[in-house]
Every structure is written in C-alpha cells, then in structure tokens.
Amino acid sequence: MKILNSLKYVLFVVLFSTLTHASPFGNKLIVPIVELDEDSKHYAYVPAFDLKVGESGEIVRWFTQDHSTIVAKAAVIEIKDERAKIAFEPFEGLEQGAFPAPILFPKKNDEVIFRSFNDRAFLVAPSQEIYEKIKAAYPDVTWLHPDLLAAYLMDVGHTSPVKGDFRKVCTQYAAGIVYLVNLNEGQALDCQTFRPIKKDYITGRAPVDDRMLPFFSRIGSDNQEWFSYLINDITTRDYYLYFDALLKGEISDEDATFFGRVTKYFSNQIKNIF
C-alpha cells in the first residue's frame with residue numbers, strides 16, 4: 001500500500017507540473033530518489049519518465065510541509081530499465097559568506113526537480129535577423145537578452161563564452177536553456193551540461209557581412225571585435241566556426257566544476273564507443 005501511495009503521489013506531481021509549467025524545451029518534472037548507488041556516494045536512481053541523458057536539476061529535501069532546502073545539483077548520466085542514474089554534488093548556488101553552509105547529502109525519497117527553468121533561455125545567434133526569427137518561433141519562452149551574457153563576459157574579462165560561462169550566467173539569471181544557432185540548425189542545450197534537449201532547422205545561415213562577434217548583442221562596437229582563440233594552432237575568426245568547435249569540445253574549458261566533469265564523462269563515453 002505504501003508503494004502504491006508513493007506512486008500516486010509521483011504521478012500527481014508529474015501531471016500537476018506538466019499542466020502548470022509548459023515549455024517547448026520540456027515541462028517541469030519532479031521525481032523521488034528511489035535508490036542510492038551502493039558503490040559510490042555520488043550517484044542515485046530516479047524514475048526515468050521522459051528524462052534525457054544530460055538533463056540537469058536540483059535535489060530538494062522537505063523538513064516540514066512548509067520548509068525545504070536544495071541539497072545538491074544533479075545530472076542524468078544514464079537511462080536503463082525505466083530508471084535514470086543521476087550524478088550529484090553539493091549545491092553552492094545559494095551560498096552566503098556570512099553564514100555556515102549546511103552539510104547535507106541526498107538520501108532516498110528526496111525530490112529531484114528537473115526543468116524548473118526550461119521556460120527561460122539565453123539565445124545565442126550570429127545576427128539580429130536570426131535572433132528575432134528564433135524568438136518568434138518560440139513565443140512561450142522567456143528569452144533573456146544576450147546583452148546580459150555580453151555584459152557578464154566583459155565583467156569577467158572574457159571576449160567569448162566557454163561552457164563554464166554559460167553555466168554561471170544561467171545560474172545567475174535562473175535560465176535552464178541555452179539556444180545556440182549552429183550552422184543550419186538551432187540547438188536547445190541544457191545550460192549546465194551543454195547536452196542537446198531539442199534541435200530544429202528554422203534558422204538559415206547568416207551572410208558573412210551580417211555576422212556579429214562573438215554573437216548578436218547591443219553592447220556596442222567595442223564588444224564586436226573578434227577574439228583570438230587558438231584551436232589546433234588555427235585562429236578562429238567566424239561565429240559558426242567558433243561555436244561549432246565549442247560544441248565539439250575543441251575549445252578548452254578550464255572550469256573545474258561538477259558539470260565540467262559530467263561533460264568529460266560524456267566525452268569519455270564517446271571515445272570508448274569509437
């Protein structure tokens with residue numbers, strides 16, 4: 001009976017979340033941890049439902065009906081037998097230097113919330129025309145203006161974004177998706193793992209003279225001067241070449257975060273296959 005009641009609860013939460021949080025990049029999903037990995041303290045299992053490998057989320061613990069906290073951040077690394085294996089690490093997004101950080105570890109029955117902010121996204125495009133085209137195609141998404149991303153890069157002294165920059169700016173502005181225009185397709189990527197959530201082919205290719213660098217923004221001409229990034233001893237000076245290389249992992253991301261390690265996990269899997 002306890003298992004049946006738990007299942008009813010999960011189904012109710014899933015249905016309620018779907019009805020109240022619609023996004024073309026995936027509806028909010030709340031699932032419980034059903035098992036902790038016996039061989040490691042950094043993995044657990046949740047019901048898979050429609051989760052995809054690479055989706056990220058937060059692990060939440062409820063202390064009372066009205067009080068909860070985020071215990072850890074999580075990412076799906078494997079789906080098998082209707083269960084999703086998640087990797088997790090302590091959540092640091094709400095740290096305050098004046099207060100001690102609570103030491104909590106995920107446990108069975110904690111909730112894992114996926115796609116909380118998949119209706120908020122950054123759009124990276126080579127031109128204003130393509131930027132407006134994508135915005136019009138997804139009217140239900142709250143598009144955070146690329147000026148915010150460009151200002152962040154200027155603040156940290158980066159002339160172009162690497163994956164670590166996207167992770168940080170998405171956390172800062174509560175965005176779940178980076179929609180990246182790449183060659184002749186658009187890719188909605190999970191902000192934290194940079195794994196594709198959805199692809200479409202509605203963009204077209206921006207003419208060379210219309211391409212802004214490093215991407216379309218309104219910061220000003222000073223920020224449009226292209227940067228020098230050495231990739232295999234070749235200086236990249238084109239929007240499409242740069243972001244294609246970024247997606248392929250050819251641009252080094254020295255961000256030693258949890259999700260940086262998750263990205264390496266996926267890269268190693270691909271190498272093992274081929």
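**Exercise 1. In this predicted model, work out which strands sit at the edges of the open seven-stranded sheet.**

Solution. Start with the strand order: it runs β1-β7-β4-β5-β6-β3-β2, and the pairing is antiparallel. Next, look at the two ends of that order. The edge strands are β1 (29-32) and β2 (35-36), each of which pairs on one side only.

Now zoom in on one pairing. Strand β4 (residues 56-62) and strand β7 (residues 111-114) run antiparallel and are joined by four bridges. For a spot to check by eye, take Glu-58: its bridge partner in β7 is Ile-113.

**Exercise 2. Find out which elements build the largest nonpolar core, and which one gives the largest share.**

Solution. Begin with the members: there are 43 residues in this core, and Val-124, Trp-143, Tyr-179, Val-181, Tyr-239 and Phe-243 touch the most other members. Then see where the core residues come from. Helices α2 (128-137), α3 (146-156), α4 (163-172) and α5 (239-247) each supply at least two, and so do strands β8 (120-124), β9 (142-144), β10 (177-182) and β11 (185-190). The largest share, six residues, comes from α5.

Don't stop there, though: a second, separate core has 17 residues, including Val-31, Ala-74, Val-76 and Phe-88.

**Exercise 3. Decide whether α5 is enclosed or open, and describe what happens at its ends.**

Solution. Go through the helix for burial, using under 20% relative accessible area as the cut-off. Tyr-239, Tyr-240, Tyr-242, Phe-243, Asp-244, Ala-245 and Leu-246 are the buried ones. That's seven of the nine residues, so α5 is largely enclosed by the rest of the structure.

Now for the ends. At the N-terminal end, Asp-238 acts as a cap, with a side-chain oxygen 2.9 Å from the backbone nitrogen of Tyr-240. After the helix comes Gly-249, which has a positive phi, near 80°.

**Exercise 4. Track down the disulfide and say which parts of the chain it ties together.**

Solution. A search of the whole structure turns up one disulfide. It joins Cys-170 to Cys-191, with the sulfurs 1.7 Å apart. Cys-170 belongs to helix α4 and Cys-191 to the loop between β11 and β12 (196-200), so the bond ties together parts that are 21 residues apart in sequence. Both Cys-170 and Cys-191 are buried.

**Exercise 5. Pick two of the aromatic pairs and classify their geometry.**

Solution. There are twelve aromatic pairs in the whole structure. Take Phe-25 and Tyr-179 to begin with: their ring centres are 6.4 Å apart and their planes lie at 35°, so this pair is tilted. Phe-25 is in the loop between α1 (2-20) and β1, while Tyr-179 is in strand β10, so the pair ties together parts 154 residues apart in sequence. Phe-25 and Tyr-179 are both buried, and together with Tyr-138 and Trp-143 they form one aromatic cluster.

Now try Tyr-131 and Phe-216. They're also tilted, at 5.0 Å centre to centre and 45° between the planes. Tyr-131 is in helix α2 and Phe-216 in the loop between β12 and β13 (230-231), 85 residues apart. Tyr-131 is buried at 2% relative accessible area, and Phe-216 is buried at 4%.

**Exercise 6. Describe the surroundings of Ser-127.**

Solution. Locate Ser-127 in the loop between β8 and α2. With a relative accessible area of 6%, Ser-127 is buried. Its side chain reaches the backbone nitrogen of Ile-130 at 3.3 Å. Leaving out residues up to four places away in sequence, Ser-127 touches Ala-206, Asp-210 and Phe-216.

How values were computed:
Residues numbered from 1 in each chain as written. Predicted model: local features only at pLDDT ≥ 70, side-chain atom pairs only at ≥ 80, totals over all residues. Heavy atoms only, no water. Core = buried A, V, L, I, M, F, W, Y, C linked by side-chain atoms within 4.5 Å. Buried < 20%, exposed > 50% of the residue type's maximum accessible area, 1.4 Å probe, protein only. Disulfide = S-S within 2.5 Å. Polar contact = N/O pair within 3.5 Å; in protein donor to acceptor, adjacent residues only side chain to side chain. Pairing = 2+ DSSP bridges. Contact = heavy atoms within 4.5 Å. Phe/Tyr/Trp six-rings, centres within 6.5 Å; stacked < 30°, edge-to-face > 60°.
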